[in-house]
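Visitor: Please take a close look with me at one part of this model, the nonpolar packing inside it, and then set that part in the context of the rest.

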Amino acid sequence: MSDQLETIEDYYRRIRKDQIKIFDSEDFETGKSHFNISMRRYCSFKSPYNRRDYYKISFIIGKGTIHYGTHQLFIDGPALFFPSPSIPYSWECESDVQEGYFCLFNQEFFNGNSEFNLFKKTSMFKEWSKPVVFLTEEQAQLATLYFDQIYRMNNSAYPFRCSSIKSNLASVMHLALENRVEDINPNELPANVRLYKLFDELLTKQFPLDSPAYPLALKTPSDFAEHLNVHVNHLNSSVKSVTNLTTTQIIKEKMFEESKNLLKYTNWDIAQIGYTLGFDQPAHFNNFFKKHAQTSPLKFKNLSDI
């Protein structure tokens, strides 16, 4: 798997800035919710084969090949593409006619709406799931309506445009899940994928954290292995084989995302947040957060409050 990780900032550097609405860099520096949408166009070269630190949903009209992990997926009809950010992928046009849309958003945008919680429990954006959903003619018409509205709202001054965007994006996701919420029978999945899926569901169920009175229960690979009744080495090897990430990396990333949400959206003090995430000492939480965010929890919280 590629070690290249493209950030949203990297993405904006490589696109033609006159083709898309650019947000201020402050949106990235303070870790605020971010969303953008653009129309698809023909491109004469293959997009970079990278992992991403952001989510992307594409509504594809036009022939082409998706290079996704170790697979090549040929697209010859209207389709929705929901890649896992941790799987490297690229797109290669194979027809001059390329239409539709693509939108990208960060973790904060995905976490910022309760309606999206449903999708976090499904196969969507998971490493083991099928990333492409082919659409019927009727479904393609619906997708066009949803994306048209998202595009219009994203470029409007309507005060509640963010709510409208999220509502229509949720409709797009529901459209995809109509075709294949659980189209893969868990019993038919390889053993390593089944174990990773159980781990992912167990990890996801712990969030969001509601109160300092209920701190994070499972926070190490050994905790999860014990709960799943498997040896920790077996869990680690299964998770690594599916995601190319260690179990610890995935847990820590989830804890980091939750720490940002707690700092931004609660009035808990930093010591409470650290304790709720399983850190015995505030200094341990400070070091953990600085390592991931290159800034202290206090500075991040103060910037978020602006």
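Guide: Helices (H or I, at least four residues) and strands (E, at least two) are DSSP runs, numbered from the N terminus. By that reckoning Asn168 lies in helix H6, residues 161–180, where residues are numbered from 1 along each chain as its sequence is written. This is a predicted model, in which local features need pLDDT of at least 70 and side-chain atom pairs count only at pLDDT 80 or more, while totals for chains, interfaces and linings use all residues; side-chain values use heavy atoms, with hydrogens and water left out.

The part you ask about is best approached from its centre. The largest nonpolar core has 33 residues, and those with the most contacts inside it are Phe199, Phe224, Leu235 and Phe285. A nonpolar core here is a set of buried Ala, Val, Leu, Ile, Met, Phe, Trp, Tyr and Cys residues joined through side-chain atoms within 4.5 Å, where buried means under 20% relative accessible area, exposed over 50%, and partly exposed in between (1.4 Å probe, protein chains only). At least two residues of this core come from each of helix H7 (191–205), helix H8 (221–228), helix H9 (232–243), helix H10 (247–265), helix H11 (270–276) and helix H12 (282–293). Phe224 shows the packing residue by residue: leaving aside its neighbours within four places in sequence, Phe224 is in contact (heavy atoms within 4.5 Å) with Phe199, Leu202, Leu203, Gln206, Leu218, Lys219, Leu235 and Ile251. Apart from this core lies another, of 31 residues, among them Tyr55, Phe119, Met124 and Phe147.

Several details belong to the helices that feed the larger core and to the loops between them. Ala191, in helix H7, is partly exposed, with a relative accessible area of 48%, and its C-alpha is 25 Å from that of Ala217, with the two positions 26 residues apart in sequence. In the loop between H7 and H8 lies Pro208, and the peptide bond from Phe207 to Pro208 is cis, with omega near 0 degrees. The loop between H9 and H10 holds Asn244, a residue other than glycine whose phi is positive, near 65 degrees, and which is partly exposed at a relative accessible area of 31%. Most residues other than glycine have a negative phi, and most peptide bonds are trans.

A second positive phi, near 70 degrees, is that of Phe125, again a residue other than glycine. Phe125 is found in the loop between helix H4 (117–120) and strand E10 (132–134), and at 6% relative accessibility Phe125 counts as buried.

Phe147, named above as one of the residues of the other core, also offers a link across the sequence: its C-alpha atom and that of Ser38 are separated by 9.7 Å, although the two residues are 109 apart along the chain. Ser38 is found in strand E2, residues 35–39, and is buried at 6% relative accessibility. Asn168 in H6 is likewise buried, with a relative accessible area of 14%, and touches Tyr146, Gln149 and Ile150 when residues up to four places away in sequence are not counted. Glu108, in helix H3 (residues 107–111), is buried at 5% relative accessibility, and its C-alpha atom is separated by 6.5 Å from that of Lys32, 76 residues away along the chain.

Turning to the whole, there are 13 helices and ten strands in the protein. Its radius of gyration, taken over C-alpha atoms, is 20 Å, close to the 19 Å that the globule rule gives for 306 residues, so the protein is as compact as a globular protein of that length; the rule is 2.2 Å times the number of residues to the power 0.38. The C-alpha trace spans about 60 × 50 × 30 Å along its principal axes, and buried residues make up 48% of the 306. Of the contacts between residues at least 6 apart in sequence, 71% join residues at least 24 apart. The protein exposes about 15600 Å², of which carbon and sulfur atoms supply 51%, with accessible areas taken from the Shrake-Rupley method with a 1.4 Å probe.
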